[in-house]
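Please look through the sequence and the structure shown here, and then follow the explanation below from the core outwards to the contact between the chains and on to one helix.

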There are 2 protein chains.
Amino acid sequence: MFSLDATDSMSSARAGCMVLPHGMVETPVFMPVGTQGSVKTLHPAELEELGAQIILGNTYHLWLRPGHALIREMGGLHRFSSWRKPLLTDSGGFQVWSLGKLRKIREEGVHFQNHLDGSKMLLTPELSMEIQAALGADIAMLFDECPPYPSTEAYAAASLALTTRWARRCKDWISAHDPRCGAGRQFHFGIVQGSVYADLREQSARALVDLDFDGYAIGGVSVGEPESEMFRAIENAVPFLPHDKPRYAMGLGTPPQLLEMIARGVDLFDCVMPTRLARHGVAFTLDGPLHIKNLAHANDPRPLCESAHPHVAGFSRAYLRHLFRAGEILALRLLSFHNLHFFLRLVAGAREAIVAGTFSDYKDSFIRRYTRPPFP
Amino acid sequence: MFSLDATDSMSSARAGCMVLPHGMVETPVFMPVGTQGSVKTLHPAELEELGAQIILGNTYHLWLRPGHALIREMGGLHRFSSWRKPLLTDSGGFQVWSLGKLRKIREEGVHFQNHLDGSKMLLTPELSMEIQAALGADIAMLFDECPPYPSTEAYAAASLALTTRWARRCKDWISAHDPRCGAGRQFHFGIVQGSVYADLREQSARALVDLDFDGYAIGGVSVGEPESEMFRAIENAVPFLPHDKPRYAMGLGTPPQLLEMIARGVDLFDCVMPTRLARHGVAFTLDGPLHIKNLAHANDPRPLCESAHPHVAGFSRAYLRHLFRAGEILALRLLSFHNLHFFLRLVAGAREAIVAGTFSDYKDSFIRRYTRPPFP
């Protein structure tokens, strides 16, 4: 399902291609997040217009509402949400973990209180796989435990042992059920944990590779650790992952971080940052983030960014600021569209540069301009 | 600026054409409302896709935020909001009137407290015309006073006398300034008042026609009166308005009301109903309004309506209900788009029927199905 088209000579960056039941995905790729079956504010036709190749759905949210039984009855998440291209679902593990005091981690799974109605629920590895099979994602993620940052080595090791036992239970469930997704079989990615401990990351990667999955994610990153630790977590895992399988860094990152991760051999990314910050009035530009609500933009006739998509480029910063101040939904739409365009183009551009053999230049010149101090 | 293409033999319905500085408008026509420089939730390209020929902007809201001086500096409301086709602005009179106890009506104008910051402000006929000239609307409305329902004949008569004196002041301002809009001159519509009193409606219409405007609106309708009074207000005004000028019923109405008004010789309509009700989960269908949040739609795979636009028709009622319950903005977009499509198609269909000589059939068969009791 995965083949490599090109590798960079100066870094671990690579250009590949995944063939999934709902189509082909060229990597590196950025996946917009559609938490509740909708990439916030956007129409699926706009995502296609933006060149999104694969989007992410959240198992936890869709399980609680509207429920995986309903989505299965409506023909799966693709048909339910009118998204025709590949879909990846997470396992729900990170969401229940994020509930903090409302959840308890036990051998059998995670006991938690439903954030919608407070009822007591249990999510297990088997149930996570069953829900993801019902949703019909092209790629389902294994159910894991994400240790917090910071964690002691003892805690991280015990947590990793649990994640590994859960991975075996997921594998058993998959083998027993052989879930399908449209015309093909569903693919499954294991998740490397191990916190900041290099030997644990290696141990986790080796154990998952022994179980043989279709791809491997690096989890437990972007949980409050310094950026250097985030890069190190990737560097500690990648050498033990097979060259011929896709690698996915979960929940990342800023535009420069994406390029740094690509340079370290990562193929897939997802992040709510472009859409979430859009709803708070932050637009990404080649010169760094722009806060549209600032007074400085009140009478600025320029578009958000020289690289803005034509769908957004016709609007001045002054107008966008007005829409935000007036609470108009069009503001949220336009900035969400713009930011996803920015992230998707950034990663698509990285792929083109890897193929052309110019990735290091691409990365360095982007980061130099993006992180340049503002004009005094 | 206005010519008649066809008149109906069985009613006062007519098909006409307005030539305005930013393009041609075929009537009868429904105008989507863009209160703050945005038709709520929609992109201007979507309005064009829907066949909107002219939209409305609100002088009161745009004056307070972002201010007409800024909009003038940014090239006018067309350029500011990226809307290329004709625009109509109201006078702000109805909005300040709606402030209730926060406003005082005096000979010079309306004193009121700004709803955004509570500051004391004064809107006069001259200032309303000046703001609308700065916004650069194709059609500007005269500043009027709208009597409440019910009003005594004495109150309505005194209010009408004020509206007529204000109309003269507006006319004087227009003559002195000759405001332009893009390549052509701005057009101006007078507003017939007179509450439920036939002689006052006649007197108002005659006084405005004496002053000679480009079109005439019927105001003071849809202010809480019974539907029969609303129709009577139109019937009491229309006979005294020139055949060769467009007629505009302000702030109306339900789908059956639009057809009833067209049958009574009205050419222009505006109403927030399609977009406002959309945001509350109401979709218009050929069988009447549908409340998408109802449990009945939870697993309904059908689209909203057999006449839904392709942009919306791909989504099931079950999915739209899920989006609403989950608070997803896409729900507001899709229902707003759908409802505007419904209203625009309804009125465009009425025009086609007038031209084809089948308007009575069109109206009767629509209303029969729309108002039919629900299936038991």
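**Core, contact and one helix**

Of the 238 residues in the largest nonpolar core, those that touch the most other members are Ala249(A), Phe269(A), Ala249(B) and Phe269(B); such a core is a set of buried Ala, Val, Leu, Ile, Met, Phe, Trp, Tyr and Cys residues joined through C-beta atoms within 7 Å, and a residue is buried if 20 or more other C-beta atoms lie within 10 Å of its own, exposed if 12 or fewer, and partly exposed in between, with C-beta atoms placed from the backbone. This is a predicted model, in which local features need pLDDT of at least 70 and side-chain atom pairs count only at pLDDT 80 or more, while totals for chains, interfaces and linings use all residues. Residues are numbered from 1 along each chain as its sequence is written, and chains are lettered from A and ligands numbered from 1 in the order in which they are written.

Leaving aside neighbours within four places in sequence, Phe269(B) is in contact (C-beta atoms, placed from the backbone, within 7 Å) with Phe30(B), Met31(B), Ala249(B), Leu252(B), Leu258(B), Met261(B) and Val347(B).

A turn of 180° with a shift of 0.0 Å along the axis lays chain B on chain A with an RMSD of 0.0 Å, the copies being superposed by least squares on the C-alpha atoms of residues with pLDDT of at least 70 in both. That is the relation of a two-fold axis, and 100% of the contact residues of chain B recur in chain A, so that the same surface serves both copies.

The contact takes 31 residues from chain B and 31 residues from chain A. On the side of chain B that touches chain A, helix 13 of chain B gives the most, with 5 residues; helices here are DSSP runs (H or I, at least four residues), as are strands (E, at least two), numbered from the N terminus.

Helix 8 (residues 198-211) of chain B has 14 residues. Its buried residues are Leu200(B), Arg201(B), Ser204(B), Ala205(B) and Leu208(B). Seen down the axis of helix 8 of chain B, these fall within an arc of 135°, so they line one face of the helix, the arc being that of the directions from the helix axis to the C-beta atoms. They pack against helix 7 (153-177), strand 14 (187-192), strand 15 (215-218) and helix 9 (227-237) of chain B, whereas Asp199(B) and Asp210(B), on the other side of helix 8 of chain B, are exposed.

Methods:
Two residues are in contact if their C-beta atoms, placed from the backbone, lie within 7 Å. The expected span of a helix is 1.5 Å times one less than its number of residues.
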